[in-house]
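Here are my notes on this one, in the order I'd go through it on screen. Have the viewer open while you read.

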Amino acid sequence: MAKLSDLVKKIDQTAKSGDRERAIKMLESLLKKVPEAKQQPLLKRRKQYRDELVIHRRITALEEKYGA
């Protein structure tokens, strides 16, 4: 298995490329494998990506509604 830091970097790159849904799924599968002591930063990162995804969906909906 790859290092935890390498996996987190890959997840960050996925999120930065715009695929936050996939990044969240990757984080959730990683959380199942990581010891509880190391989960806190991953949980914060998952919350951040979920919040960003909600904002992105709102913006997209508004753009579709108002044709921007």
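1. A quick word on terms before the first interface: contact here means heavy atoms within 4.5 Å. By that rule, Leu4, Leu7, Val8, Lys10, Ile11, Thr14 and Ala15 of helix 1 meet Arg20, Arg22, Ala23, Met26, Leu27 and Leu30 of helix 2. Sorted by class, this contact between helix 1 and helix 2 comes to nine nonpolar, one polar and three charged residues. Do keep in mind that you're looking at a predicted model.

2. Now the geometry of that pair. The axes of helix 1 and helix 2 sit 7 Å apart, and the packing angle is about 160°. Anything over 145 degrees counts as roughly antiparallel, so helix 1 and helix 2 are roughly antiparallel to each other. As for handedness, helix 1 passes helix 2 in a left-handed crossing.

3. Next along the chain: helix 2 covers residues 20-33 and helix 3 covers residues 39-66. These two also pack at an angle of about 160°, this time with their axes 9 Å apart. That makes helix 2 roughly antiparallel to helix 3. The crossing of helix 2 past helix 3 is left-handed. On the helix 2 side, the contact uses Arg20, Glu21, Ala23, Ile24, Leu27, Glu28, Leu30 and Leu31. On the helix 3 side, the partners are Gln39, Leu42, Leu43, Arg45, Arg46, Tyr49, Arg50, Glu52, Leu53 and Arg57. The class count for helix 2 against helix 3 is nine nonpolar, one polar and eight charged residues.

4. What about the remaining pair: at what angle do helix 1 and helix 3 pack? The angle is about 5°, with the axes 12 Å apart. Helix 1 and helix 3 are therefore roughly parallel to each other. Helix 1 brings Leu4, Val8, Ile11, Asp12 and Ala15 to this contact, while helix 3 brings Leu42, Arg45 and Tyr49. By class, the residues between helix 1 and helix 3 split into six nonpolar, no polar and two charged.

5. On to the core. In soluble globular proteins, nonpolar side chains tend to be buried together. Here the largest nonpolar core has 13 residues, and those with the most contacts inside it are Ile11, Ala23, Leu27, Leu30, Leu42 and Tyr49. Helix 1 (4-16), helix 2 and helix 3 each supply at least two residues. Which helix gives the most to this core? That would be helix 2, with six residues.

6. Ala23 is a good one to click on. Setting aside neighbours within four places in sequence, Ala23 is in contact with Ile11, Thr14, Ala15 and Tyr49. One of those partners, Thr14, belongs to helix 1. Is Thr14 buried or exposed? Thr14 counts as buried because its relative accessibility is 9%, and the cut-off for buried is under 20%. With the same neighbours-within-four exclusion, Thr14 is in contact with Asp19, Arg22, Ala23 and Met26.

7. Also have a look at Asp12, in helix 1. Asp12 has a relative accessibility of 16%, so this charged residue counts as buried too. Not counting residues up to four places away in sequence, Asp12 touches Arg45 and Tyr49. For a distance check, Asp12 and Ile24 are twelve residues apart in sequence and 10.0 Å apart in space, C-alpha to C-alpha.

8. Glu52, located in helix 3, is partly exposed, with a relative accessible area of 26%. From Glu52 to Ala15 there are 37 residues in sequence, yet the C-alpha to C-alpha distance is 9.6 Å.

9. Last one: Lys33, in helix 2. Lys33 counts as exposed because its relative accessibility is 61%, and exposed means over 50%. Lys33 and Ile55 are 22 residues apart in sequence, and their C-alpha atoms are 29 Å apart in space.

Definitions and conventions: Residues are numbered from 1 along each chain as its sequence is written. This is a predicted model: local features need pLDDT of at least 70, side-chain atom pairs count only at pLDDT 80 or more; totals for chains, interfaces and linings use all residues. Side-chain values use heavy atoms; hydrogens and water are left out. Axes are lines fitted to C-alpha atoms, for helices over the stretch in contact, and angles run from 0 to 180 degrees between N-to-C directions. Helices (H or I, at least four residues) and strands (E, at least two) are DSSP runs, numbered from the N terminus. Angles under 35 degrees count as roughly parallel, over 145 as roughly antiparallel, 65 to 115 as roughly perpendicular and the rest as oblique. A crossing is left-handed if the near helix is turned anticlockwise from the far one by less than a right angle, and right-handed if clockwise. A nonpolar core is a set of buried Ala, Val, Leu, Ile, Met, Phe, Trp, Tyr and Cys residues joined through side-chain atoms within 4.5 Å. Buried means under 20% relative accessible area, exposed over 50%, partly exposed in between (1.4 Å probe, protein chains only).
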